[in-house]
Amino acid sequence: MVPPAVQSPNHQQFLSSVLSQRGPSALPYSEDAKWLIRQHLVSLTTAFPSLEPKTATFTHNDGRSVNLLQADGTVPMPYQGVTYNIPVLIWLMESYPRHAPCVYVNPTRDMVIKRPHAHVNPSGLVSVPYLHNWIYPSSNLVDLVRNLSHAFASDPPLYSQRRAPPPPSPSQSPSPSSHNNPNPNFANSSNLGSFPSGSSNLGSFPSGSSNLGAFSSGYSRPSVHPNNYPPSPYGSGSGSGRVQPSPSPHTEDPTEVFKRNAINKLVEMVHGDVVGLRKTKEAEIEGLFSMQPVLKQREDQINKGLKEMQDEMEGLEQKLQIILMNSDVLEGWLRDNHGKKLGSLENAEDAFECVDALSKQMLDCTASDLATEDTLYALDKAVQVGSVPFDQYLRSVRALSREQFFHRATAAKVRAAQLQAQVANMASRNQQYAV
């Protein structure tokens, strides 16, 4: 009978330890995937206790060696009403879980890979549709092992190649097990065993073993004899497998009894403290693993904001370079034309000519508006220091504000007229192009 699935806390501690390592000894998995990898392996060992997570060195085809996680153990294979166990190695590659793992059957020295096989090549590499159709993040190891069990059940990949037992010497009498546990599946013309169905290329399994973890010479099947129990781990008795108690003394020293009870109580207390501390640390590790996605999201946001600021800084530096170049050009022009007369022009402002009357009117209105603004600013400073009486300040501000209003109103009308002129000009050009 297959024992119920019980998750060993050692597996969780082992996975938490190896996945939390940093530096040169860290496993080559991305930080945002380590929590999901741990969940996959914990679920796998819970559903299939015969598989154990380990770390080992994997050598790629190009010669590179890397330390990776693997699930080592056996996959249950139901065949003709009996459950057998196929030894496998499931390697979690560097890109896991975004890409499928690498699965190998791991035969013992007395097992042979069936050739040809639909899903296993001669080197032991397994290729099933579930691996080819691996989809992140829905695909997982538990469903993979179930798929492997189903595929192996339809076509077992291994069979046993057993050595013939040496003939007994004439002075030896046959053992009871040779009479009580015959194997009718062995033929005299071949050293290859078969499943109970008589298939010629599948491994046979002895009927007297109760160890489900391995075949004979690597595998086994459940016992079929109801009275064939394994020997006692505490010593052999008279052949019945029962423990023979040793005679106990009639009297015990009270000091020794007290000492033994005190030690047992102390051990129980220490064990309870260790269990509580372990649960607390496991909860802390779970919390740290759950924080990794949040920290990763914050890291992405910070990197995005940093990139935006760098781009903005580059744009400002480019604008600064343009301004500096224009400043150099203007300073050079001023140096070249400093002190020169403008010919017959007495006013420097007459050196600039407007393209039309509207532009000249706009220039005059804008200049008057800005001049009025400067005058109002000067009046504010004067009244603050007491240079201008307050009543005179109010009269001057009222008059200048009225004048500034007319300049701004005129500028608005001129701007509207310029826009109409531009629209009319564009329409005439379009007509010319159409013609």
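Contact here means heavy atoms within 4.5 Å. In this predicted model, His11 makes such contacts with Thr45, Leu51, Glu52 and Pro53, leaving aside residues up to four places away in sequence. The briefing then turns to an open sheet of 4 strands, a nonpolar core of 50 residues, the aromatic pairs, and helix H7 (residues 357-385).

**His11**

- His11 belongs to helix H1 (residues 9-19).
- Because buried means under 20% relative accessible area, His11 counts as buried at 14%.

**The sheet**

- The 4 strands of the open sheet follow the order E1-E2-E3-E4, and their pairing is antiparallel.
- Strand E1 (51-59) and strand E4 (102-105) are the edge strands, each pairing on one side only.
- From one strand to the next, the twist averages 35°.
- Strands of a sheet pair through backbone hydrogen bonds, in either a parallel or an antiparallel manner.

**Strand pairings and hairpins**

- Between E1 and strand E2 (residues 65-79) there are 9 bridges in the antiparallel sense.
- Within this pairing, Thr55 has Leu69 of E2 as its bridge partner, and Lys54 stands opposite Gln70 of E2.
- The hairpin formed by E1 and E2 has 5 residues between the strands, and Gly63 in the turn has a positive phi of about 95°.
- E2 and E3 are joined over 11 bridges, also listed as antiparallel.
- Thr74 has Pro87 of E3 as its bridge partner, while Gly73 stands opposite Val88 in E3.
- The hairpin of E2 and E3 leaves 2 residues between the strands, and here Gln80 adopts a positive phi near 55°.
- E3 and E4 pair over 4 bridges in the antiparallel sense, with Ile90 standing opposite Val103 in E4.

**Helices lying across the sheet**

- Helix H2 (residues 31-47) lies across E1, E2 and strand E3 (82-92), at about 130° to E1.
- Helix H4 (residues 141-154) lies across E1, E2, E3 and E4, at about 50° to E2.

**Nonpolar cores**

- The largest nonpolar core contains 50 residues, and those with the most contacts inside it are Leu44, Leu69, Ile90, Leu92, Val105 and Phe152.
- E3 supplies the largest share of this core, with 8 residues.
- Another core, of 6 residues, lies apart from the largest one and includes Leu376, Leu379, Val388 and Tyr393.
- E3 is itself mostly covered, since 10 of its 11 residues are buried.
- In soluble globular proteins, nonpolar side chains tend to be buried together.

**Aromatic pairs**

- The count of aromatic pairs comes to 5.
- The ring centres of Tyr96 and Trp134 are 5.7 Å apart and the planes stand at 50°, so this pair is tilted.
- This pair links distant parts of the chain, 38 residues apart: Tyr96 is in the loop between E3 and E4, and Trp134 is in the loop between helix H3 (129-132) and H4.
- Tyr96 and Trp134 are both buried.
- Phe405 and Phe406 have ring centres 5.8 Å apart and planes at 65°; the pair is therefore edge-to-face.
- Phe405 counts as exposed at 54% relative accessibility, whereas Phe406 is partly exposed, with a relative accessible area of 48%.
- One aromatic cluster is formed by Tyr96, Tyr130 and Trp134.

**Helix H7 and its surroundings**

- The 29 residues of helix H7 (residues 357-385) should span 42 Å at 1.5 Å a residue, and this agrees with the 42 Å between its end C-alpha atoms.
- The buried residues of H7 are Met362, Cys365, Asp369, Thr372, Leu376, Leu379 and Ala382.
- These buried residues pack against helix H8 (390-434).
- Two of the residues just named, Leu376 and Leu379, also occur in the core of 6 residues.
- After H7 comes Gly386, which has a positive phi near 85°.

How values were computed
Residues are numbered from 1 along each chain as its sequence is written. This is a predicted model: local features need pLDDT of at least 70, side-chain atom pairs count only at pLDDT 80 or more; totals for chains, interfaces and linings use all residues. Side-chain values use heavy atoms; hydrogens and water are left out. The expected span of a helix is 1.5 Å times one less than its number of residues. Buried means under 20% relative accessible area, exposed over 50%, partly exposed in between (1.4 Å probe, protein chains only). Two strands pair if DSSP finds at least two bridges between them. Axes are lines fitted to C-alpha atoms, for helices over the stretch in contact, and angles run from 0 to 180 degrees between N-to-C directions. A nonpolar core is a set of buried Ala, Val, Leu, Ile, Met, Phe, Trp, Tyr and Cys residues joined through side-chain atoms within 4.5 Å. Rings of Phe, Tyr and Trp (its six-membered ring) pair if their centres lie within 6.5 Å; planes under 30 degrees apart count as stacked, over 60 as edge-to-face and the rest as tilted.
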